[in-house]
Amino acid sequence: ITLKKDLTLKGSKPGATLKMYDDDWYGNKVTVVEMDGEIDMDNMEAQLKEIDSNIEGLNAKSATELAEAMLKLKSSPGSQNGTGMLQTIIAMKVREVYEKLGGR
């Protein structure tokens, strides 16, 4: 996946930032997408939709699939930070590979 632009999500403290940058990982060029901070749980749906609209290459089933999946697990540990978001993105990418291999 890639980000169309870096994002700063404001609301409850500390807020959250999403950014993408190139780096070197054990001699290999990589692109890193990271999230620091926490989503405002009172404004979670709007912030997740903003994230959803700025991610490219997710191959989601709908324009708001990431937000919808995260909202279903709102009370789960990590749902307010990058842990839950990146786990959800990874699950969607694994599904994409599975479907390409003929699983669906």
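Okay, quick definition before anything else: when I say contact, I mean heavy atoms within 4.5 Å. Also, keep in mind that this is a predicted model.

So let's start with one residue, I51. Which residues is I51 in contact with, leaving aside its neighbours within four places in sequence? The list is L7, L9, L18, I39, L66 and M85.

Some of those names come back when we look at the largest nonpolar core. That core has 19 residues, and L18, L48, I51, I55, L66 and M85 touch the most other members. And where does the core draw its residues from? The elements giving two or more are β2 (7-9), β3 (16-25), β4 (28-37), α1, α2 and α3. As general background, nonpolar side chains tend to be buried together in soluble globular proteins.

Right, on to the sheet. It's an open one with 3 strands, in the order β2-β3-β4, and the pairing is antiparallel. β2 and β4 are at the edges with a single partner strand each, so each has one side without a neighbour in the sheet. From one strand to the next, the twist averages 30 degrees.

Now zoom in on β3 and β4. They run antiparallel and are joined by 10 bridges. If you want to find the register on screen, T17 has D36 in β4 as its bridge partner, and L18 stands opposite M35 in β4. Follow the two strands to their hairpin and you'll find 2 residues between them, with Y26 taking a positive phi near 50 degrees.

Staying with β4, move along to the loop between β4 and α1, where N43 lies. Is N43 buried, exposed or partly exposed? It counts as partly exposed, because its relative accessibility is 35%. In sequence N43 and L9 are 34 residues apart, but C-alpha to C-alpha they're 9.9 Å apart in space.

Okay, helices. In α2, which covers residues 65-72, the buried residues are E65, L66, A67 and M70. Yes, there's a glutamate in that list. What do those buried residues pack against? They pack against α1 (44-53), β5 (55-56) and α3 (82-103).

Let's take the two helix partners of α2 in turn. With α1, the axes come within 8 Å and cross at roughly 145 degrees. The contact uses M44, E45, L48, K49, I51 and D52 from α1, and E65, L66, A67, M70 and L71 from α2. So there's I51 again, this time on the α1 side of a helix pair. The crossing of α1 and α2 is right-handed.

With α3, the axes come within 10 Å of the α2 axis, crossing at roughly 125 degrees. That angle is why α2 counts as oblique to α3. From α2 the contact has E65, L66, A69 and M70; from α3 it has G84, M85, T88, I89, M92 and R95. This crossing is right-handed too.

To wrap up, go back to where we began. I51 is in contact with L66 and M85, among others, and I51, L66 and M85 are among the core residues touching the most other members. On the helix side, L66 is in the α2 contact with α1, and L66 is also in the α2 contact with α3. If you open the model, I'd click on L66 and look around from there.

Definitions and conventions: Residues are numbered from 1 along each chain as its sequence is written. This is a predicted model: local features need pLDDT of at least 70, side-chain atom pairs count only at pLDDT 80 or more; totals for chains, interfaces and linings use all residues. Side-chain values use heavy atoms; hydrogens and water are left out. Buried means under 20% relative accessible area, exposed over 50%, partly exposed in between (1.4 Å probe, protein chains only). Helices (H or I, at least four residues) and strands (E, at least two) are DSSP runs, numbered from the N terminus. A nonpolar core is a set of buried Ala, Val, Leu, Ile, Met, Phe, Trp, Tyr and Cys residues joined through side-chain atoms within 4.5 Å. Two strands pair if DSSP finds at least two bridges between them. Axes are lines fitted to C-alpha atoms, for helices over the stretch in contact, and angles run from 0 to 180 degrees between N-to-C directions. Angles under 35 degrees count as roughly parallel, over 145 as roughly antiparallel, 65 to 115 as roughly perpendicular and the rest as oblique. A crossing is left-handed if the near helix is turned anticlockwise from the far one by less than a right angle, and right-handed if clockwise.
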